[in-house]
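Reader: I'd like to learn how to read a protein model. Can we go through one together, feature by feature?

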Amino acid sequence: MRPIPGATPVPATPERCRLLLEQWRSQLQLSGREQSQLAGQHQALDRQLERLRQRCLRVAVFGRVGVGKSSLLNALLGEEAFATDVAHGCTRHQEARTWHQPIEGLQRVELVDTPGIDEIAAAARARLAARVALGSDLVLLVLDGDLTSVEHDALAPLLASGKPLLLVLNRCDCWSEAEQAALVASIQRRLPAAARHLELIPVAAAPRQPELLADGRVRSVVQAPRVAPLQRALVSLLEQHGELLLALNALGAADRFHQALQRWRLGVSRRAAQSLIGRFAALKATGVAANPLVLLDLAGGLACDTALVLQLCQLYGLPMHGAGARQLLRRLSGHNALLGGAQLGIQLGLGALRQLLMVAAPFTGGLSLAPAAPVALAQAALAVHTTRLTGRLAAAELLRGAQSGGRPGALLRRLAHSDPQVRLWLGERPHPPANLQALLP
């Protein structure tokens, strides 16, 4: 399609993401307590947004001890920037160096070295994988043989984070072409289903060749690194999608912060919500007990529940207009159709019984009114129960809505829906399970 003369050009996707994130960030209102409690995540979000503005992309290597992560980065850098040792396990903390490789669309690319994943316990390994994934825009998983159980398990959090991955097979100088082909086929069979589409890039970061000395001894001679396939793959990927990778990571950071903020607000508002639900339950119970007409009971109960949902939304910092509240109530009814039907039947039955007792009062000298009080109390108890149930279910729905993400999360889903490559990178992006019972009023 040819551009229309005089029309304002539409910004590219990464630029639109940046503009939306800057607008979202400028509108983010945090209380002092929220700033204190979410300080770490808040700072991480701002760092990622600053990297997006500066177009500074981070590539992290990940893998077991001794697979040649540091040697691989040194080969890409063309200098001994990261320490290596034949005893292995030199890297104890994350380290970053600037890669002086011109990449169109990016101002700077940082290469990040990480500790070996098999030196630490499984729980700490998962936390390290999560930190590496969250703090980088692209991850290189380095192997030096067939896929181990440690590497297989470490792939799960990386894939779940929606982080783009490149698989690198180091030390390819150690195998013949036939052996390398068999090894690649074995690794691909062992990969999790979500990673089967990934290709292995063969490299030799620090190849050695035996040399026979004049005295008959054999020594190992270091050869020039053979990392051209990886360098070509990296340059091609970053020139095509580098800005988009930065934008996706920034959107992910904003989405995670949005979820954490909403969970915090839900948790803080729990006690206030309990008091609010109690007041509405008392109001509804009083109205049901005092009113003799069943239809008015039902109408008043619906109005009370709608007002409760609106008040809960405002309490949790999630404003909702009347139509949204009615939609939420319909979802609540859908989730509890059987229970709601049973309660409606009980309410109608109790109301009809009370009306019958009142109509019969003139003919029984008022004796038929004696059971009316227990019936009214039963109606009031049922009203209290249904109000509390509505409040808890509304809070649960609001929490699930917060977990599904706000504007950054919605944009991520739209990008995944419209772009097959983004969908492949992001995968399912499952949200961590919410502890609803701890947050519900």
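Author: Sure, and let's begin in the middle of things, with strand β4, residues 138-143. This is a predicted model, and in it six of the six residues of β4 are buried, so the strand is mostly covered.

Reader: Which residues point one way from β4, and which the other way?

Author: Leu138, Leu140 and Val142 point one way, while Val139, Leu141 and Leu143 point the other way. Residues on both sides of β4 are buried.

Reader: Okay, how do strands hold on to each other?

Author: The general idea is that strands of a sheet pair through backbone hydrogen bonds, either parallel or antiparallel. Here, β4 runs parallel to strand β1 (residues 56-62), and four bridges join them. Val59 has Leu138 as its bridge partner in β4, and Val61 has Leu140.

Reader: What is the bridge partner of Leu140 in β5?

Author: That's Leu166. Strand β5 covers residues 165-169 and pairs with β4 in the parallel sense, over five bridges. To get from β4 to β5, the chain crosses through helix α6 (residues 149-160), and this β-α-β crossover is right-handed.

Reader: In what order do the strands of the whole sheet come?

Author: Read it as β2-β3-β1-β4-β5-β6: six strands in an open sheet, with mixed pairing. At the edges sit β2 (95-99) and β6 (200-202), each pairing on one side only. From one strand to the next, the twist averages 30°.

Reader: What packs on the sheet?

Author: Helix α7 (residues 177-190) does, touching β4, β5 and β6, and its direction makes about 155° with that of β6. Helix α8 packs on the sheet too, touching β1, β2, β3 (108-113), β4, β5 and β6. The direction of α8 makes about 130° with that of β1.

Reader: Let's try a helix. How do I work out which side faces inward?

Author: An α-helix has 3.6 residues a turn, so residues three or four places apart point the same way. Now take helix α14, residues 407-418: its buried residues are Pro408, Gly409, Leu411, Leu412, Leu415 and Ala416. They cover an arc of only 160° around the axis, so they lie on the same side of α14. On the face turned away from that buried side you'll find the exposed residues His417 and Ser418.

Reader: What do the buried residues of α14 pack against?

Author: They pack against α1 (13-27), α8 (228-268) and α15 (420-426). You can check the length of α14 as well: at 1.5 Å a residue, its twelve residues should span 16 Å, and the end C-alpha atoms are 16 Å apart, which agrees.

Reader: Now a single residue. Where is Ser136, and is Ser136 buried or exposed?

Author: Ser136 is in the loop between α5 (122-134) and β4. Its relative accessible area is 1%, and the cut-off for buried is under 20%, so Ser136 counts as buried. Leaving out residues up to four places away in sequence, Ser136 touches Arg58, Ala60, Lys163 and Asn249.

Reader: And how many helices and strands are there in the protein chain?

Author: There are 16 helices and eight strands. The protein chain has 441 residues, of which 45% count as buried. One last number to look at: among contacts in the chain with a separation of 6 or more, 75% are between residues 24 or more positions apart.

Note on methods: Residues numbered from 1 in each chain as written. Predicted model: local features only at pLDDT ≥ 70, side-chain atom pairs only at ≥ 80, totals over all residues. Heavy atoms only, no water. Buried < 20%, exposed > 50% of the residue type's maximum accessible area, 1.4 Å probe, protein only. Helix = DSSP H or I, 4+ residues; strand = E, 2+ residues; numbered from the N terminus. Pairing = 2+ DSSP bridges. Right-handed = clockwise from strand over helix to strand, strands pointing away. Expected span 1.5 Å × (residues − 1). Arc of directions from axis to C-beta. Contact = heavy atoms within 4.5 Å. Axes fitted to C-alpha atoms, helices over the stretch in contact; angles between N-to-C directions.
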